[in-house]
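Q: Could you walk me through one part of this structure up close? I'd like to see how a single piece sits among its surroundings.

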Amino acid sequence: MASVAPRPMLTRRQFALGSAAFVSGGVIGGRLARGEPPNFNTRLPLPPLIDAAKHGNAVKLRAAPGQHPFIKGKPAATYGYSASILGPVIRLRRGDEVEMMVENALDVDTTVHWHGLLMPSHVDGGPHQVIKSGSTWRPVLRIAQPASTAWFHPHLHHDTGRQVYMGLTGMIIVDDGTDSRLGLPRTYGVDDLPIILQDRSFDSNGSLVYELDSLAILYGGRGDTIIANGVIAPFTKVPSGLVRLRLLNAANAQNFELRFSDHRKFYVIASDSGFLSKPVEVEQLRISPAERFEILVDFTNGKPVLLETGPDEVMGIFGAVSGDGTTEYVPVMRFEPTATRPKVRAVPTHLVEPAAADSSKAIRRRQFVLETWTCSKRRPVETEMNMGYSLCINGKSHDLTRIDVETELGTLEVWEIVSIGMAHPFHVHGVSFRILSLKGAPPPAHLAGWKDVVLVEDEAELLVAFNQPAAREHPFMYHCHILEHGDAGMMGQYVCA
């Protein structure tokens, strides 16, 4: 068995995680490389639900290595949180104070970032809150935000991409009672389903293959097989009525272009930081890395249907998901309605009016230029990465010892984000923001709520609300959420006081 390098090297080769490295045809986008359709004979796994309030608001997580058979009979070496892969869904209630205990049973250091939770920087779980191998971190999380779908994942300096690829991902549900008031589907595992979307590549013996060469650094780590909740081409039974899907793109770099095979319309009811003012009807939905959307899908007609994804349009030839590299859509999973009586049949007409966003109250304006090609050609990366490339924001590659921006608690700022070379999903820790414009135009209705990730194809204007403190010892991050970009330096740090 080949050992796994703890840090990637710049070579045109692939690292088979836990086995010898070589590439096979594998499974592509939920179908075999030979073009055979998937069988959909694996039931969609449901991560265990941990309701923190029912556990005395004390939650334990254990990051540890495991074995998981993505391909039947071929277990792969993986990482997971209290599981062989992925982690639980944690339900947190607004107003509660939750004690987390995170044990690191890996043979490498890690962190756990509570992505989407609005917390002071010292418990945010960024690269400054390292959990050493064999140690335990005990942050206390005070939940003081509206209902939303968040998630948790590693954020270790230079090793985030690999650790997420190995399986370290979990979902968080913040509950403030709005679901019940609005009459939304809310029975976990029945009509309220977590769907964690990722892409992976596999060796012929079923092992994970993580490729990290110059293309992967510049365009992000991309697999040739789409997985949902850690499995290939699953199916799930659903009631013949309205079902709520909590969609999380936990891929390293892939944008998913989602639709249903019968082109049915569905309704977006929430994005990253909470509910929209009213449901938005769509037929197709793009979800970029780290974004979350909650959607309502009507299965009243009782007909099975596929959730599909198309080529990542913003990535051109690097965004193909079909085996032959065409524009063909490929299946992600299958929904099979049952005779179960649905609890919800009607889509609400109104949801929750987002908190006001008045850009005239912004105290300053800043610009952030995300550079790929230009910066990578002129700046060597830190020697510990051995990549040969360094990616930048405003001409500077990330430095853990440098503060790039100083902000003021309780203020608003307008941030202009400019992407050069390709589209970047931009994330800011410790805040929510409203999108003022995308490429000079107002955002579409499903992107009009409070968010923490935005896919910037050209330029975007954001109204950022700074309501969480960040000290110099534990600054907040802002970065591209293509994980290999963050690992290679496309990240900055800010303080807030």
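A: Let's start with strand 13: six of its six residues are buried, so the strand is largely enclosed by the rest of the structure. Buried here means under 20% relative accessible area, with exposed being over 50% and partly exposed in between (1.4 Å probe, protein chains only). Strands are DSSP runs of E with at least two residues, helices are runs of H or I with at least four, and both are numbered from the N terminus. One thing to keep in mind is that this is a predicted model, where local features need pLDDT of at least 70, side-chain atom pairs count only at pLDDT 80 or more, and totals for chains, interfaces and linings use all residues. Residues are numbered from 1 along each chain as its sequence is written, and side-chain values use heavy atoms, with hydrogens and water left out.

In a regular strand the side chains alternate between the two faces of the sheet. For strand 13, both faces are covered: Ser148, Ala150 and Phe152 are buried on one side, and Thr149, Trp151 and His153 are buried on the other.

Now for the neighbours. Strand 13 belongs to an open sheet of five strands in the order 5-8-14-13-10, with mixed pairing. Two strands pair if DSSP finds at least two bridges between them. At the edges stand strand 5 (49-51) and strand 10 (113-115), each with a single partner strand, so one side of each has no neighbour in the sheet. Going from one strand to the next, the twist averages 25°; axes here are lines fitted to C-alpha atoms (for helices over the stretch in contact), and angles run from 0 to 180 degrees between N-to-C directions.

On one flank, strand 13 meets strand 14 (residues 170-175) in the antiparallel sense over five bridges, and Ala150 has Ile172 in strand 14 as its bridge partner. Strand 10 also runs antiparallel to strand 13, joined to it by three bridges, with His113 standing opposite His153. Over at strand 5, the pairing with strand 8 (residues 89-93) is parallel, again with three bridges, and Asp51 stands opposite Arg91.

Next, look at the ring of Phe152. Phe152 and Tyr81 form a tilted aromatic pair, 5.1 Å centre to centre with 55° between the planes. Rings of Phe, Tyr and Trp (its six-membered ring) pair if their centres lie within 6.5 Å; planes under 30 degrees apart count as stacked, over 60 as edge-to-face and the rest as tilted. This pair links distant parts of the chain, since Tyr81 is in strand 7 (residues 74-81) and Phe152 in strand 13 (residues 148-153), 71 residues apart. Both rings belong to buried residues: Tyr81 has a relative accessible area of 1%, and Phe152 has 0%.

Strand 10 brings in another pair: Trp114 and Trp137 are stacked, 6.2 Å centre to centre and 15° between the planes. Trp137 is in strand 11 (residues 136-137), 23 residues from Trp114 in strand 10. Trp114 is buried at 1% relative accessibility, and Trp137 is buried too, at 15%. In total, the structure holds 16 aromatic pairs.

Zooming out, buried residues make up 61% of the 497 residues in the protein, which has five helices and 37 strands.
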